Amino acid sequence: MIYTQKEEQGQYLYTERRGASGTATKDAALNAGVINAVIGRNESGSELYVYQKVSRKDERIAVFTQKNGAFEKVEERRLPKMRNNSYNLGLFLSEDKSRLFISAELGRTRGRDDIYQSRWENGKWSKPKNMGKAVNTREAEFAPFATADSLFFSRQRDTEAYVYGVPLDASKAAAGEPVMLTSNVNQDKAFNAYYRRDGEKETWLSVSQPTATAQATYTAYASVAESVPAVVAAPAPNPTPAPVAVQAPAPVEPTPVKAAAADLVLSYGFNRVFTEETDLRQLNKLLASQPKGAKISVKGYSDAFGTAEAKQRVSRKRAVFVKWYIDNYFSGKGFEVTLENVVAEEKGSGQRKTEITVAK
């Protein structure tokens, strides 16, 4: 068994013999990076594909074989060139190592995180291509997994997520409309993700939502031909699944400003950082009415739920996205935009917001 463990110094892979507690080993060969994750294997299990992030500009895909109980690297490829604007990065390498499915936010997306595909051609990866409206929506699509004939992925809805499947044609393009998997996999009002299918065996993860009296908990499932899920693990509580790779912006301490009524308040769902379409229309209306060179303050908030790092990140990214939108779609007006981010002491939807204030 191989699993990922997130630690203070990074994210590392451990191997452990099934049914033999106390045999966990942090293999040096698999953990050449600060962030390491399994992103695929071949059908026979003789090869293992591992993502390794060594530094900000050094990201690799390593191919390993196992001989005499030890992992041996037999191939290494650089990750495709891309600029990911998301906090998360998801990867899955096909069995023949010719296609890399990516969940990220690469420039213009259909909404939030989208799924892309890159092909191994002439000894290098092609530019990742968005898989289009057959797969991607304004919601966040992530955790891709591909078989010979299907692509599976998760789609987020506020604090919930559900697993979908879509058939693939000979070129590995989506052929048809994605379908949500049955309730056997998708528990209602839960965070369902990381679906895998190996012959008749399926595995997936469901995370319950926190309540006033209980924390969120992970539960990993496996089902076989009888389609009866069996609980195989229930790790320690954690409100959100750990991403495959993390590229967090540097934390920014809140900067006190003069209290002023905001001209517009944008609202968000739990852990969301992108603006909803209805709020974007209001933002467009406000910006269009301003004179050139206007001074605009963008102040992102998060509520008090989550770790200190997560709260800082969410509050900052809410403001950063709004500034990006202004700079890209109203560049001709030359607005002077300043950013702030605040972590509120209260919990609740009222503190999940971004305030837009125009200097009078």
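**Exercise 1. Find which residue in S6 is the bridge partner of Lys-67, then work out how S5 sits among its neighbours.**

Step 1. Look in S6 of this predicted model: the bridge partner of Lys-67 there is Ala-70.

Step 2. Zoom out to the whole pair. S5 and strand S6 (residues 70-78) run antiparallel, with eight bridges between them.

Step 3. Check the link. S5 and S6 make a hairpin with two residues in between, and Asn-68 in that turn has a positive phi of about 55°.

Step 4. Now go to S4. Strand S4 (residues 47-55) also pairs with S5 in the antiparallel sense, over eight bridges. One spot to click on is Leu-48, which stands opposite Phe-64 in S5. Here too there's a hairpin, joining S4 to S5 through two residues.

Step 5. Finish with burial. Eight of the 10 residues of strand S5 (residues 58-67) are buried, so the rest of the structure largely encloses this strand.

**Exercise 2. Work out the strand order of the open four-stranded sheet, and which strands stand at its edges.**

Step 1. Read off the order: S21-S24-S22-S23, with mixed pairing.

Step 2. Pick out the ends. Strand S21 (264-267) and strand S23 (336-343) are the edge strands. Each has a single partner strand, so one side of each has no neighbour in the sheet.

Step 3. Add the twist, which averages 20° from one strand to the next.

Step 4. Take one pair in detail. Strand S22 (residues 295-302) and S23 run parallel and are joined by eight bridges; Tyr-301 stands opposite Val-342 in S23.

Step 5. Put the helices on. H2 packs on the sheet and touches S21, S22, S23 and S24, its direction making about 160° with that of S23. H1 lies across S21, S22 and strand S24 (353-358), and runs at about 160° to S21.

**Exercise 3. Describe how H1 and H2 cross: at what angle, and with which hand?**

Step 1. Recall what to look for: a packed helix pair is described by the angle and the distance between the two axes.

Step 2. Get both values. The axes of helix H1 (residues 277-288) and helix H2 (residues 308-329) come within 12 Å and cross at roughly 50°. That makes H1 oblique to H2.

Step 3. Give the hand: this crossing of H1 and H2 is right-handed.

Step 4. List who meets whom. From H1 come Leu-280, Leu-283, Asn-284 and Leu-287; from H2, Val-322, Tyr-325 and Ile-326.

Step 5. Sort the contact residues by character: six are nonpolar, one is polar and none is charged.

Technical notes. Residues are numbered from 1 along each chain as its sequence is written. This is a predicted model: local features need pLDDT of at least 70, side-chain atom pairs count only at pLDDT 80 or more; totals for chains, interfaces and linings use all residues. Side-chain values use heavy atoms; hydrogens and water are left out. Axes are lines fitted to C-alpha atoms, for helices over the stretch in contact, and angles run from 0 to 180 degrees between N-to-C directions. Angles under 35 degrees count as roughly parallel, over 145 as roughly antiparallel, 65 to 115 as roughly perpendicular and the rest as oblique. A crossing is left-handed if the near helix is turned anticlockwise from the far one by less than a right angle, and right-handed if clockwise. Contact means heavy atoms within 4.5 Å. Ala, Val, Leu, Ile, Met, Phe, Trp, Tyr, Cys and Pro count as nonpolar, Asp, Glu, Lys and Arg as charged, and the others, Gly among them, as polar. Buried means under 20% relative accessible area, exposed over 50%, partly exposed in between (1.4 Å probe, protein chains only). Two strands pair if DSSP finds at least two bridges between them.
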